[in-house]
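The following exercises ask the reader to work through internal cavities and backbone geometry, with the sequence and the coordinates at hand. Each task is followed by a solution that goes step by step.

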Amino acid sequence: MRILVLGGDGYLGWPTALHLSHRGHDIGVVDNFVRRQYDHEMGVASLVPVPNLRHRLQMWEQVSGRRIDGFVGDLTDAPFVERTLDRFEPEAVVHFAEQRSAPYSMIDRQHAVYTQYNNVVGTLNLLYAIAERDPSIHLVKLGTMGEYGTPNIDIEEGFIEITHKGRTDVLPYPKQAGSFYHLSKVHDSHNIQFACRIWGLRATDLNQGIVYGQETDETTMHPDLATRFDYDGVFGTVLNRFCVQAVVGHPLTVYGQGGQTRGVLDIRDTLACVELALLNPADKGEYRVFNQFTETFSVRQMANRVIEAYPGKVHVEEVEDPRVEKEEHYYRAAHTKLLDLGLLPHLLEASTIRSLLAVVDRHRDRVDVDAIGPTVDWRRTASALRTTSGLSAG
Ligand code: NAD
Ligand code: USQ
């Protein structure tokens, strides 16, 4: 299959591109490198060094004998999106290319506006380009479990049957997102569903949980093929952060009571889920939603898993929650559709955490302890980040 991977320089896009290439598909990657710019803006860096895309693509060709085409440009630039589809002529597009940090989107007005513009406009440009060029292209779009929030009822996979005043319908599941970033995904979902309805596009919205891990079968083929690993207070996700904190002797930063429960998955399962969605495409005109996670844990349970796996002493620090979120709540979310397609999950075993701890240990000299603490407060409309960094966030 000819597959274009948008966001192919990022944490998940890069290993997905390698995996699909390794499986024999013809791959193109698209990126504007804005993720690398956020690092400069925040004064942080990936724990694991990541060479530039050109070098990584050359290295992949050397190691695997397979070529991946690179396209550098911005999805908010509609002519670029159109040209790229014309040049690559994909049968499927996997879309990872968004600003994906909830804290980043909550820094201030400017970052909220940037996030929603980047994500919603980029996706809209893509929908138009697909509709005008080839509506049979299957769009596999990365959404998030955070679109649903934490309702006091079971979460279904995208849709819920509701009976109201004696009448019944199957409707999009109610969305109660927890940040302007998560809301950008809600807006995307609506736009994609609408495009499928009016233009007959085919799309799979992967409502993914929090990803942990860093190594995949392909990224370990050469050190220069590694993917990024974020641990800072803005871009680091919780389990990856806890592993770094354990190794450098920083207390695990459990926000609030730590009862926040989320769906999580191993990075290797991200690759497998995307591949399953591609190999079993949505029908013409179909908009479908898969909940993409394999297990659920509370933040405190995740901390405990790391404590159990780490050979040394680890402390937990209950940090006042910088976010506005329920710290104790009901959480049960359906996630059967990918399992039905054949997903065989990697579960969060102590051995998985230990291999992640080993990655961290190899790069422990690169950890900037000052970057670990949370810096973005949901309750403030202009974050303290501006004053603590001494730089304008603009
Ligand atoms: P990432 O930031 O590492 O990668 C995203 C890539 O997209 C970056 O390389 C960035 O430069 C690029 N990009 C962003 N905006 C672009 C634009 N306008 N034009 C071209 N390129 C652009 O993020 P990630 O962790 O790899 O996440 C990928 C996707 O998966 C995101 O959509 C994210 O919301 C979703 N997701 C991630 C996680 C997770 O735990 N990492 C969980 C659920 C969903
Ligand atoms: N948390 C802590 N301590 C920390 C960091 C986070 O307790 O040091 C808590 C947060 O308060 C939150 C939970 O852990 O309750 C998850 O936070 P996170 O930063 O790991 O994840 P989140 O902000 O939800 O975002 C990440 C990705 C995003 C993706 C989302 C999937 O950055 O791209 O969409 O996970 S989901 O959570 O299912 O929405």
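**Exercise 1.** Describe the largest cavity by the elements that supply its lining, by its volume, by its lining residues and by their classes.

*Solution.* Start with the elements: α7 (180–199), β8 (202–208) and β12 (287–292) each supply at least two residues of the lining of the largest cavity. The model under study is a predicted one, and it holds three cavities of 30 Å³ or more. The space in the largest cavity comes to about 70 Å³.

Next, list the residues that line the largest cavity: Glu 147, Gly 158, Phe 159, Pro 172, Lys 175, Ser 189, His 190, Gln 193, Asp 205, Asn 207, Tyr 287 and Val 289. Of the contributing elements, α7 gives the largest share, three residues.

Finally, sort the lining by class, which yields four nonpolar, five polar and three charged residues.

**Exercise 2.** Carry out the analysis for the second largest cavity, and state which element gives the largest share of its lining.

*Solution.* The second largest cavity encloses about 40 Å³ of space. Its lining is made up of Leu 4, Leu 6, Val 30, Leu 75, Phe 80, Val 81, Thr 84, Leu 85 and Leu 126. Two elements, β1 (2–6) and α4 (78–88), give two or more residues each to this lining, and the largest share, four residues, comes from α4.

A sorting by class then gives eight nonpolar residues, one polar residue and no charged residue for the second largest cavity.

**Exercise 3.** For Phe 33 and Glu 89, state the sign of phi, locate each residue in the chain, and decide whether it is buried, partly exposed or exposed.

*Solution.* As background for the first step, most residues other than glycine have a negative phi. Phe 33, in contrast, has a positive phi, near 65°, and the phi of Glu 89 is likewise positive, near 50°.

The second step places the residues: Phe 33 belongs to the loop between β2 (26–31) and α2 (34–42), while Glu 89 is found in the loop between α4 and β4 (92–95).

The third step applies the cut-offs, under 20% relative accessible area for buried and over 50% for exposed, with partly exposed in between. Phe 33 has a relative accessible area of 25%, so Phe 33 is classed as partly exposed. Glu 89 reaches 58% relative accessibility and therefore counts as exposed.

Methods: Residues numbered from 1 in each chain as written. Chains lettered and ligands numbered in written order. Predicted model: local features only at pLDDT ≥ 70, side-chain atom pairs only at ≥ 80, totals over all residues. Heavy atoms only, no water. 1 Å grid on protein atoms, 1.4 Å probe; cavity = no way out; pocket = protein on both sides within 12 Å on 5 of 7 lines; lining within 4 Å. Points joined across faces, edges and corners; volume = space filled by probe spheres on them. Nonpolar A, V, L, I, M, F, W, Y, C, P; charged D, E, K, R; others polar. Buried < 20%, exposed > 50% of the residue type's maximum accessible area, 1.4 Å probe, protein only.
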